[in-house]
Amino acid sequence: EEANHNPIAAFRGQAGRETVHLEAKAGSRIELSAEGSSDPDGDTLTYSWWQYREAGTCVSDVTIEAPGEPDTTCAIPDVASGDVHLILEVCDKGAHARRAYRRIVIHLS
């Protein structure tokens with residue numbers, strides 16, 4: 001009971017570990033939300049959004065407007081194609097901080 005437990009990373013209110021798949025067009029903006037993320041110990045959470053370039057097939061870099069905020073926007077370049085992999089990293093501020101991750105794959109058309 002006194003151990004620090006992993007937080008739960010949620011995307012748009014949906015908790016879980018499965019990869020989220022979205023469809024988008026080049027030049028579009030995607031709303032990102034960590035709504036529903038929580039910590040079973042009640043610890044304060046911090047958030048980090050980042051592009052996992054090695055896993056994706058999109059050679060363009062996306063712009064994440066506020067990568068340290070729970071809710072932000074991702075801008076897809078006009079010339080982008082392929083798949084963009086984003087990671088939501090949720091970290092608690094408990095003793096021996098724990099993390100949870102959620103992958104979001106954006107399939108560009």
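**Aromatic pairs and exposure**

Biologist: What is the relative accessible area of tryptophan 50?

Modeller: This is a predicted model, where local features need pLDDT of at least 70, side-chain atom pairs count only at pLDDT 80 or more, and totals for chains, interfaces and linings use all residues. Residues are numbered from 1 along each chain as its sequence is written, and side-chain values use heavy atoms, without hydrogens and water. Tryptophan 50 is partly exposed (buried is under 20% relative accessible area, exposed over 50%, partly exposed in between; 1.4 Å probe, protein chains only). Its value is 33%.

Biologist: How many aromatic pairs does the structure hold?

Modeller: Rings of Phe, Tyr and Trp (its six-membered ring) pair if their centres lie within 6.5 Å; planes under 30 degrees apart are stacked, over 60 edge-to-face, the rest tilted. The structure holds 2.

Biologist: What is the angle between the planes of phenylalanine 11 and tryptophan 49?

Modeller: The two rings sit 6.2 Å apart, centre to centre. They are edge-to-face, at 75 degrees.

Biologist: How many residues apart in sequence are the parts this pair ties together?

Modeller: Strands are DSSP runs (E, at least two residues), numbered from the N terminus. Phenylalanine 11 lies in strand 1 (residues 10-11) and tryptophan 49 in strand 5 (residues 45-51), so the separation is 38.

Biologist: Is phenylalanine 11 buried or exposed?

Modeller: Its relative accessible area is 3%. Phenylalanine 11 is therefore buried.

Biologist: Which residue pairs with tryptophan 50?

Modeller: This pair is edge-to-face, 6.2 Å centre to centre, with 65 degrees between the planes. The partner is partly exposed at 29%. Its name is tyrosine 52.

Key
Helix = DSSP H or I, 4+ residues; strand = E, 2+ residues; numbered from the N terminus.
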